[in-house]
Every structure is written in C-alpha cells, then in structure tokens.
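Colleague: I would like to learn how to read charged side chains in a model. Could we take them one feature at a time?

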Amino acid sequence: MTKVNNYNLLMKDMPLNELMAATDMNAIRIAVIDIFTHLKKIRNTKYPITRALRFIEAISKDLCSQMLRVLGTRRLMNIPLMEFDELIGQCVDVFAAWSDEYDKLSQLLRELSKKKREEHLKLAWRINPQHKKLEARLEHMRKFRRQHEQLRMVISRVLRPAGTVSDDQKVGENTERSVPSMHAGDLGAIEQVNLAYENVKEVDCLDISSDGSAAWEDAVHRYESMIERVETQITALLRDQLGTAKNADEMFTIFQRFNALFVRSHIRGAIREYQTSLIQRVKEDIDQLQTRFTDFRKESNERNLNTIDIPPLSASIIWLRQIDRRLSQYMKRIEDVLGKGWENHVEGERKFGHRLKLEGENFRKKLNTQPIFEDWIAKVKAKNPSIQERLFAFDKRQKDGKVLLHLKVNFSPDVVTLFKEVRNLKHMGFRVPLNIVNFSHHANLLYPFAMSLLESIRTYDSINERIANKPGISMLIASCRKEIHNQLSEGNLLMWDSYKMDMYAVKFSETISNYQEKVEELEVVLDTIEVNLAALDTCQYSSTTISALLTSIQKAIDQLSLGNYSNLNQWVENIDKQIEKKLAVRVEEAIRLWTLVLTHKDLEEESDDKAALPVLQPIVLEMRVTSQVMYVNPSIDQARAHLLDQLFAWQAVVTDQHRISSKRFQVFIFLFALTKNNESTYRDVLAVLPQGQKILDEAYAAVEDVIKEVSEYVGEWLRYQALWDLQPDLLYERLGFDIKKWMKTLVEVRKTRSTFDTQETTKEIYPIIVDYTKVQSKVSLKLVFMV
C-alpha cells in the first residue's frame, strides 16, 4: 500500500487527457510541456527509472498517434506550400519541445540513478520514441516539397515567354497551378513535373509503417525517374541557349536563371565546358579590377566627385567601395556559374573555387577603408581647426599691373571640407570621434551663413564687374552701394561666434539681393532706352513715330523714378542732352530735305531709307477784277505766310515733342506745372543745329526766291490794270496822228494778246499756283476792243 501511494504521487493528475484531446499542434506542444513538467515529480517518489523510461516511450506513441490524428485532417501534399510550411513549422516546434523537455528530464533521472547507484541502468537509457519516425517523415516531406517547388518555379521562370508572370511571384500558391501560355515543348516540361508530383500525392504520406514507408519510397523513386526526363529536356534547352549566346554577359544571365538547377548532377555535368570559360572570364575581370585599383589616380577621382559636392576622403572611400561591390558582383557571378557551395568546386586536381575565393578575399583586404579613415582622423587632430576669427578678411590681387585689396569671407575651405567629410563618413557607417563631430556640428551650423555671405560677396563682385564700363548705372545705384558699404563696415567688426552674426548674414543677403534686382531692372530699362535712342537716328521722320519713341523713353524714366534710384535728375539731364543732339540732327536734315523739295534740286540723289521727303501743300493765288480793279487773292504776303507755316509744321515734328522729365512723380513739381500754360518742348533744338543757322537761312532764302518769282509773274498780270485805267483822249493825245506809233502800239497789243490767248488758265510756281481764269477773258475783250 505504501508503494501504491508513493507511485500515486507521480501518476495522479497526469495531463495525458490534454494531450489526447488536443486538436492543433500548439495545444499538443503545451500538453507535452505540461506532461514533462509533471514527470519531474519523480524525484519525490521511488518510481523505477526503467519503468519511467518505458512510460516515456508510451507517451511518445500517444504523441505520434495524436499528431497523426491532427495531421490526418489535412492533405499535406496537396495544400499550398506556404500553408504546408506553417503546419510543418508547428510540428517542428512540438518535436523541439519534446527534445528540450526530455533532455531536462533525462538529466534529472541520471542524477537520481547516481544517488541510487543503479549500475544496471546504463543500457536502459536508450529509448525508441515512436514520434521520431513521424519527425523524420515530416522532415523528408518538407525537404521534398521545397525541392519540388524550387524546381517547378525555376522551370517556370526559365521556360516562361517574355511578358508573362513567373511563379516566383506566386510563392505559396498551389503546386497544381499551371504556367500561362508556353510553347508545346516547354508546357510539356511543366506538365511532366506536375505529373511526377502526382505520384506522391496518391500515397498516404503520413503512413510510417513498413508498408507505408515502402509505398512512400516507391512514389519518390517514380517521381525522380520522371524528373530525370525533365532534366534531360532542360539540359538540352540550356545548352542551346548557351550555344546561341552572343557574349559572356548573356551566358552569365543564362547561368543566373538556371543557377538553382545546378544541384542536379545531370544538369551540372552538361554545362561544365561552359563553366570553365566563364570562370576564366571572371578571373580576367577580377584582374582588370585589380589593375584599375593599382592605376587609381586620387586627384582625378576627387575632381570628378567634387562636381557633385563629395569631399576627397569620402570620394576615395566611395571609389574603394565601388571596387568592393564590383568584386562582390564578380564573386556572385562565380556562384551563378558554379552554383552554391562553389568554394568546394574541383577543377582537375585543385580546388579551383577555393583558390578563387582566397584571391578575392586577399584583394578585398586591400580595399579596407579603415586605415584611410584612421589616418584622416590623425591629420584632423594634428591640425586642430577652429572658427574664432572675423567674418571678413582681405587678400591682395594684381589687376592691370596694380595690386588691389580684395574682400573675401574669412571661412576656411578646410572647415567646409571637414564637416562634409564627417557628414558623409557618418552616412557610410564610420565612427567619428566626438570632438571632431562636435566641431563639425558647429561648422555645419555656421556653414549656411558662411555660404550666404560668400554668395553675396561673389554676387556683389560679379555685378560690379559687369557694370564697370557703364558709368550711368553707377550713378543711379550709388545709394545702394553706400548701404552695402555701411553693412560691410559693420560686418568687419563681427566674429563668427557673435550672436549678431546670423541676423547680419540674413540682412546682408537681402541687401545684395535687392541690389541685384535693382541692377537687373536698371539694365533692362537702360537697354530699352538705348534701343529707343538708337532708333531716333534712323526712324521715320513723323510726329507719331518720334513721339512713340520719346514716350517709351519717358515710361522707362518713370519706372526708374518709382524705383527711387539715386541721382536720377542728373542722369535724365544727360539723356535729354543726347536726345536733343539727335533731334537737332534729324530736324536739320528734315529742313534740308524740305528746301530741296521746294527748290527741286538734287532729289534723285536722296535716299528714301534715310528720311521721308516732305509733301508741300499747294497754295492757290487767284487773279480777280472787281470794280475795274485787278488784284490777287490771297496776297503775296499771305502766300509767304502759308509757305512758312508748312516749313514750321515740318519742323514741329521735332520741336513740338515734349521733353523727357524725371519729376513727373514729384507732387510739388506737378502742382507747379499746372500753373504753366505750356509745357517744355524741344523747340530749342533749332538753336543748336549742327551747322548752325545755315540750313534755316537756306530754307528762308528758298521761300523768298519762290515768292519773288510769284511776285514777278503776278506783276505781269497787274500791268493789265492799265487797260481799265487808260482814257481814249489821253491815248489820242500821246499818239497823235503818227501812223507809225499807232501801228507799233497795235502790234504790241496783238503780241500781248497771243501770250494769254491759250487753253491754260493757271500758272504753277511750285508750290504756288496762280489762277487767272477770271481775268483772262476780260483782258482779252479789252484788247479786242482796242484793236
């Protein structure tokens, strides 16, 4: 009874029911852990160790039965691979839990046996757990399914046509899924693989009895036999593709695609001849890589990478890492050609793969960047850089044989390089000392302000150089320059660690930006003014054209006035003088042409491209007889006045143009201008003609010549007034009875009558037209009467 009670301490509440009632692998694993935990109570009992071991075997049998019962609800060879792996993973966790707990219990039992000194138990420790067979079968099944899935996916990827989705993108899907649209032969290979897999789907894969194991092995053997035929087909395809490859790169691509199949000895043996040539190609590439490494020129690499803002040390490290990545690519190519485990590949009697790996590792040691980094750290510590100086400094530069002081930002390029190096090194994973990092951080904080000042000074110098030959611009932006000089004087007293430095950099940048905008605006405006000034020399001589050009210039000046440019009044006065000079030339030429048109001299020699010829309006003078008095209407003096008015109108094309002004937006000037009756014009250009008053004198002389000729002609008509003033008594008294005098007088009258007895009724003396229609018939009648 004592023994029963003692054994009952172990057997009581044994959680076997939890194991037999478990419905999933996780519950089975927990039950196994609980059972072994309960078995540790054996230390408090006298239960025989031998029986305990047999009891553990019985538990193993129950475990195997329960796992088979749970797994039997699933068709393991039919479910998707992802689901299969998950389920097998849970089984592995159960087996791992058994192994761990059994090891702990075994250690406890050994200690108990030592205490009891039971020597006969040495051979009793060997137990035969029933679930080990199941564990081996499940492991075999997992390995089998993974190899099959890998083979199927590789075949699908290799044989699929371009543009179709490979099964690599469908991992875990049912192995029964077919590959889309392939050639007949390729589709046959896929179907054969799927058909071979049907052999293992037909057997009970969980039957671990002798008959079940035999059936499983037969199914696997049939599967392997069918796969060998597929391998033969793939081998032929692989050799065909390798044979038609145009270069080594295409061969490497083909090997990379078929790489997963190289575990198959049949496929690996068929491509051995290509492997040798490609491995030799890889060796040559590695040799070229080594040559590139030995011929490395640091300056050239730094110059190339500086264009993308990479400092020297980082440039060298990046270059070395590029070499290292290229070496890794070449080593990967070897793996693509030889397959995994290429280090043990044998070529002849030597371990060729091992030698390649050794050469690659030795070369990789030369690419170690740590010594370069440590040497840089030592140099930086030796220099001990600092930023404790003024913002600006001066250096001497020679220009045109003169030594000039040049303003520069006192921020060392070495400091800029340092913090850029630290930034890149940290990104590349290097551990930079804390003091260098702190200094770099401080320099990084100052860098934006330093670059802002540097860019501002560079912009200021470039603008000054650009406008050096344009004195007009310098006059207009004098106030902006004065403001910049004042800020430079202020900045020259500041240190880099000053609390005013950041505000100063922002303010100075804004001032330079404003200066640049003003100069650019000024250049555009001045270009417009220069174009218009040049156009004044050759434009059409018309009031509309010249007015449009002057209006454009005035608008540009108004824009400058609104921009608050300095010395604008003086600058506008200079522009006004230039305009006056140009207009004086134009009006002088216009008067000359007007004179030529009036006198009809040398018109053929004038070019119409230079200026348009004026058109003179005709002036009509009418001869009339009223109350027996002959006169001309309008008078000669009025005709002279009309002709001079046309000259004045021709001059007014220029002289009536409004002068440009810089004061149109000044209120007090505007109010003062309202009190005036007339505005300022370019009438004064007649006093500053290039040839003086000569051209005007010639024009007036030409007018007088025309008037003189007209006066003479009109005078001839006015002589016929004597026909009305002549009295017969007076005529008889003068001629008397002298027949000769009477004959002479009649002949002269007849001759005079023939002069105006024509079809014409006008006389043109350009541009004046004398119309004698009304007096012609009356004079003729008088003469007829006399005759």
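Modeller: We can begin with one pair: R54 and E57 are joined by a salt bridge, with 3.2 Å from N to O. This is a predicted model. The general idea is that side chains of opposite charge can pair when their charged atoms come close.

Colleague: How many residues apart are R54 and E57, and in which helix?

Modeller: They are 3 residues apart in helix α4 (residues 49-71), so about one helical turn separates them. R54 is partly exposed, because its relative accessible area is 34%, and partly exposed means between 20% and 50%.

Colleague: Which parts does the salt bridge between R146 and D85 tie together?

Modeller: The N to O distance in the R146 and D85 salt bridge is 3.7 Å. R146 belongs to helix α6 (residues 131-159) and D85 to helix α5 (residues 81-116), so the bridge links parts 61 residues apart in sequence. R146 has 43% relative accessibility and is therefore partly exposed. D85, at 23%, is partly exposed.

Colleague: Where do D375 and K379 lie?

Modeller: Both are in helix α15 (residues 370-383), 4 residues apart, or about one turn of the helix. Their salt bridge has its closest N and O atoms 3.5 Å apart. D375 is partly exposed, with a relative accessible area of 41%, whereas K379 is exposed because its value is 51% and the cut-off for exposed is over 50%.

Colleague: Which residues are joined into one network by salt bridges that share partners?

Modeller: D576, E580 and R659 form that network. The count of salt bridges comes to 19.

Colleague: Which residues gather in a patch of negative charge on the surface?

Modeller: The patch consists of D705, E709, E712 and E716. Residues in such a patch have over 30% relative accessible area and no salt bridge. E716 is in helix α25 (residues 694-718), and at 45% relative accessibility E716 is partly exposed.

Colleague: Which residues does the "coiled-coil region" annotation cover?

Modeller: The unreviewed UniProt entry places it at residues 95-122 and 505-532. In the model, residues 505-532 are 100% helix and 0% strand, and the end C-alpha atoms of that span are 40 Å apart.

Colleague: How far apart are E359 and I286 in sequence and in space?

Modeller: They are separated by 73 residues in sequence and by 9.4 Å in space, C-alpha to C-alpha. E359 lies in helix α14 (residues 352-366) and is partly exposed at a relative accessible area of 35%.

Notes. Residues are numbered from 1 along each chain as its sequence is written. This is a predicted model: local features need pLDDT of at least 70, side-chain atom pairs count only at pLDDT 80 or more; totals for chains, interfaces and linings use all residues. Side-chain values use heavy atoms; hydrogens and water are left out. Patches are made of residues with over 30% relative accessible area and no salt bridge: like charges are joined within 9 Å, nonpolar side chains (Val, Leu, Ile, Met, Phe, Trp, Tyr) within 5 Å. Accessible areas come from the Shrake-Rupley method with a 1.4 Å probe; for residues, only the protein chains shown count as cover. A salt bridge is a side-chain nitrogen of Lys or Arg within 4 Å of a carboxyl oxygen of Asp or Glu. Lys and Arg count as positive and Asp and Glu as negative; His and the chain ends are not counted. The place of a charge is taken as NZ of Lys, CZ of Arg, CG of Asp or CD of Glu. Helices (H or I, at least four residues) and strands (E, at least two) are DSSP runs, numbered from the N terminus. Buried means under 20% relative accessible area, exposed over 50%, partly exposed in between (1.4 Å probe, protein chains only). UniProt positions are given in the numbering used here, feature names are shortened, and annotations may be inferred rather than shown by experiment.
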